[in-house]
Amino acid sequence: MGKTSEKKEAVKENRRIIKRTLKFILRVAWKERPSLFFVYAILFVAMLIQKAQYVILPKFLIDELMLILGGAPASEHLYTVALYVALICGSNLLANIMSNVANQWRSVLEEWFNEYFETLLAEHTMKMDFEYTEDPAALDQLNRAKEGISWYSGGVVGILNSVYDIIGHITVLLGVSTIIAITCPLLLPVQFIGLLLISIFNAKNNKIEIESYSELAKINRVFGYYLFQLSDFSYGKEIRLYDSADMMLKKAGTETDKLTGVWKKVSNRKRTNAWGMDLINAARDGISYFYIGLLALLKRITIGDFSMCVTSASELYQGMYGVIRSLQEISKRCVYAHQFLKLLDYPEALSKGERKVTGETHTIEFSHVSFKYPRSEQYVLKDINLKISSGEHLSVVGLNGAGKTTFIKLLCRLYDVTEGEILIDGVNIKDYSEEEYRRLFAVVFQDFQLFAFSLRDNIAFDDAANEEEINHVLELAGFYEDAKKLPKGLDTMLYKSFDEQGTELSGGQQQKTAIARALYRNAPIVILDEPTAALDPVAEYDIYRHFDCLVGNKTAIYISHRLSSCKFCDRIAVFAENTIKEYGTHEELVNKKDGIYAELFAAQAQYYIEAT
Ligand code: ADP
């Protein structure tokens, strides 16, 4: 009883998925490229002409020829024979031209829809909550959506092809059933039983394919990572210098073996079904020919009718099989494509507020904030309490892994706090609209990324960027003079991916570009996570010296390992043992007896003295 109701539920759910996906696909097609429906209309008319030419016209031609062979005067029938031949050739030509044109048009639209979904997916990936970029379940769903909406389902065109097929097959079925019912009625049950048996086997095969799909999606993602992402040139140095290509290829090989294993299992399971289908087809053909042949021998039908019955029987079978196969195909394709809708339904990791950010000055407050990363049991930050007033320059220091970057990520709301709250101007940051909130920050992360765009686009991300402003921030970041010398100035492409004259900036220049990008954003809160790590001592000193000028009277948070830089900041927060252990001005902390900061500062000062 339980199993039956479970099955019923599954069928109901399947129907819901199909209905929802079909609605979505039809809506997208209608909204984005309605011409696709016109293409199907042309294909439909071409198909009707072709079927008439194939099933009906030969009967008249054969009967006419049989009359001549039977002794009727050729001169009386030759004109009609020529007319039928011309009709057959002409309609065939017309149908072919129509379907060729429509097919080409459909291919172009198919490509267009592929690109459309690729773009939609890319947009979704870029905008999805950051937390999901580290969540294997979300990444698997993204991959399932990608594969489901493209090659597994064939996308809009793939699914609409199946809908079109059903309509086409039903129309042909109605036509040939009428012919058979009039000429050789017993063929109907023979074809019907044959078809029933074939569809059972076909349904079994579809089930096997769907079952293997989830398994394949996961393996494909890992495989894709090794082969495609790692052939990305940005990994080029590590791969060559650490001789890791062999290891990557070996790992990709293991995934290929897994893929082959799954495919092998699928084809083994499908083989028995294929044999069953071959046997049924042979029996059905044998019985049909015997029956129609008998009718012709008994002169119950003409030779023309015999030919029409044979093709009608084949069309009837193909039509019925086509309807069932297309129904199963639609169901399968919709289940795949539904993965895309499931991705769109994916719940947001962070709740989104509506509140607008108002005013020019902003205070930041961490109140009893504790945090552990998703799917992790360990607290990375524990009971953080801190206030940063507007315009204050805060330096954040601490050993590696102390939680400094995590503190910044929480402030930028890439993750939500596990306990406590972060307040901006006294309001919990969860209450602000995400877009408004993000505008408060200009951040240079330690692992910042530059894109293979022009220098201008890397800084401004805006086609209508203000050149004077770009030059100004480049000057502040200490990169203006060098940037001027680049082959095409601001329009020089970074990296050589798309332009032979593209440039590979040095580590320091990259960092200056990232700083310029943050300054160009002109946000009220500037966050620099070790912004000088790749700079030479002169450039580093310049950044410190001009720090006030760089960030002006904006609020600034500055993570640094070099404690001498802390002197430029109003306050210092020392992170250790998952919390803020010391907090105060440089003078206060450096004089604190047995203080962490004092100890670190002394150690670094000694290093500088020894080094000079
Ligand atoms: P810091 O910036 O002070 O060097 P981080 O904030 O980067 O330290 O890291 C603090 C701790 O959090 C480290 O133990 C690190 O391994 C862990 N951590 C950082 N990022 C993640 C993450 N995405 N998932 C799980 N743990 C992380």
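**Exercise 1. The shell around the ligand**

Task: Sort the residues around the ligand in this predicted model by class, then find which of them come nearest.

Solution.
Step 1. Start with the classes. The shell has five nonpolar, five polar and three charged residues.
Step 2. Now pick out the nearest. Of the 13 residues around the ligand, these are Glu134, Gly401, Lys404, Thr405 and Thr406.
Step 3. Look for polar atom pairs. A ligand nitrogen sits 2.9 Å from an N or O atom in the side chain of glutamate 134. A ligand nitrogen is also 3.3 Å from an N or O atom in the side chain of tyrosine 373. With lysine 404 the partner is a polar backbone atom, 2.9 Å from an oxygen of the ligand.
Step 4. Check how much of the ligand is covered. Alone, the ligand exposes 560 Å², and the protein buries 63% of that.

**Exercise 2. The largest nonpolar core**

Task: Which residues of the largest nonpolar core touch the most other members, and which element gives the most to this core?

Solution.
Step 1. Find the hubs. The core holds 58 residues, and Leu36, Phe113, Phe117 and Val156 touch the most other members.
Step 2. List the contributors. Elements giving two or more residues are α1 (2-32), α2 (35-55), α4 (74-127), α5 (136-152), α6 (155-183), α7 (187-227), α9 (245-297) and α10 (303-345).
Step 3. Rank them. The most comes from α10, with 15 residues.
Step 4. Zoom in on one hub. Beyond its neighbours within four places in sequence, leucine 36 contacts Ala29, Arg106, Leu109, Phe113, Val156, Val157 and Leu160.
Step 5. Set this beside a general trend. In soluble globular proteins, nonpolar side chains tend to be buried together.

**Exercise 3. Helix α5 and its ends**

Task: Which elements do the buried residues of α5 pack against? Then inspect the two ends of this helix.

Solution.
Step 1. Collect the buried residues of α5. They are Ala138, Asp140, Gln141, Leu142, Asn143, Ala145, Glu147, Gly148, Ile149 and Tyr152.
Step 2. Find their partners. These residues pack against α4, α6, α7 and α10.
Step 3. Go to the N-terminal end. Aspartate 135 caps it, with a side-chain oxygen 3.0 Å from the backbone nitrogen of alanine 137.
Step 4. Go past the other end. Just after α5, glycine 154 has a positive phi of about 80 degrees.

**Exercise 4. Buried or exposed?**

Task: Is asparagine 458 buried or exposed? Decide likewise for serine 395, alanine 516 and valine 417.

Solution.
Step 1. Recall the cut-off: buried means under 20% relative accessible area.
Step 2. Take asparagine 458, in helix α13 (residues 455-460). Its relative accessible area is 0%, so asparagine 458 is buried. Its side chain reaches the backbone oxygen of phenylalanine 453 at 3.4 Å. Setting aside residues up to four places away in sequence, asparagine 458 touches Leu450, Phe451, Phe453, Leu494 and Arg517.
Step 3. Take serine 395, in strand β3 (residues 393-398). Serine 395 has 0% relative accessibility, so it counts as buried. Residues up to four places away aside, serine 395 touches Tyr558, Cys566, Cys569, Arg571, Ile572 and Ala573.
Step 4. Take alanine 516, in helix α16 (residues 507-520). Alanine 516 is at 0%, so it is buried. Among the residues it touches are Ile459 and Val473. The C-alpha atoms of alanine 516 and phenylalanine 479 are 8.4 Å apart, with their positions 37 residues apart along the chain.
Step 5. Take valine 417, in the loop between α11 (404-411) and β4 (419-424). Its relative accessible area is 14%, so valine 417 is buried. Its contacts include Val369, Phe371 and Ile422.

**Exercise 5. Positive phi outside glycine**

Task: Where does arginine 375 lie, and where does glutamate 577 lie? Give phi and exposure for each.

Solution.
Step 1. Place arginine 375. It is in the loop between β1 (364-371) and β2 (381-388). Its phi is near 65 degrees, a positive value in a residue other than glycine.
Step 2. Check its exposure. Over 50% means exposed. Arginine 375 has 51% relative accessible area, so it is exposed.
Step 3. Place glutamate 577. It lies in the loop between β9 (571-576) and β10 (579-584). Its phi is positive too, at about 45 degrees, although glutamate 577 is not a glycine.
Step 4. Check its exposure. Glutamate 577 has 64% relative accessibility, so it counts as exposed.

Technical notes: Residues numbered from 1 in each chain as written. Predicted model: local features only at pLDDT ≥ 70, side-chain atom pairs only at ≥ 80, totals over all residues. Heavy atoms only, no water. Near = heavy atom within 4 Å. Polar contact = N/O pair within 3.5 Å; in protein donor to acceptor, adjacent residues only side chain to side chain. Areas by Shrake-Rupley, 256 points an atom, 1.4 Å probe, with all protein chains shown as cover. Nonpolar A, V, L, I, M, F, W, Y, C, P; charged D, E, K, R; others polar. Core = buried A, V, L, I, M, F, W, Y, C linked by side-chain atoms within 4.5 Å. Buried < 20%, exposed > 50% of the residue type's maximum accessible area, 1.4 Å probe, protein only. Helix = DSSP H or I, 4+ residues; strand = E, 2+ residues; numbered from the N terminus. Contact = heavy atoms within 4.5 Å.
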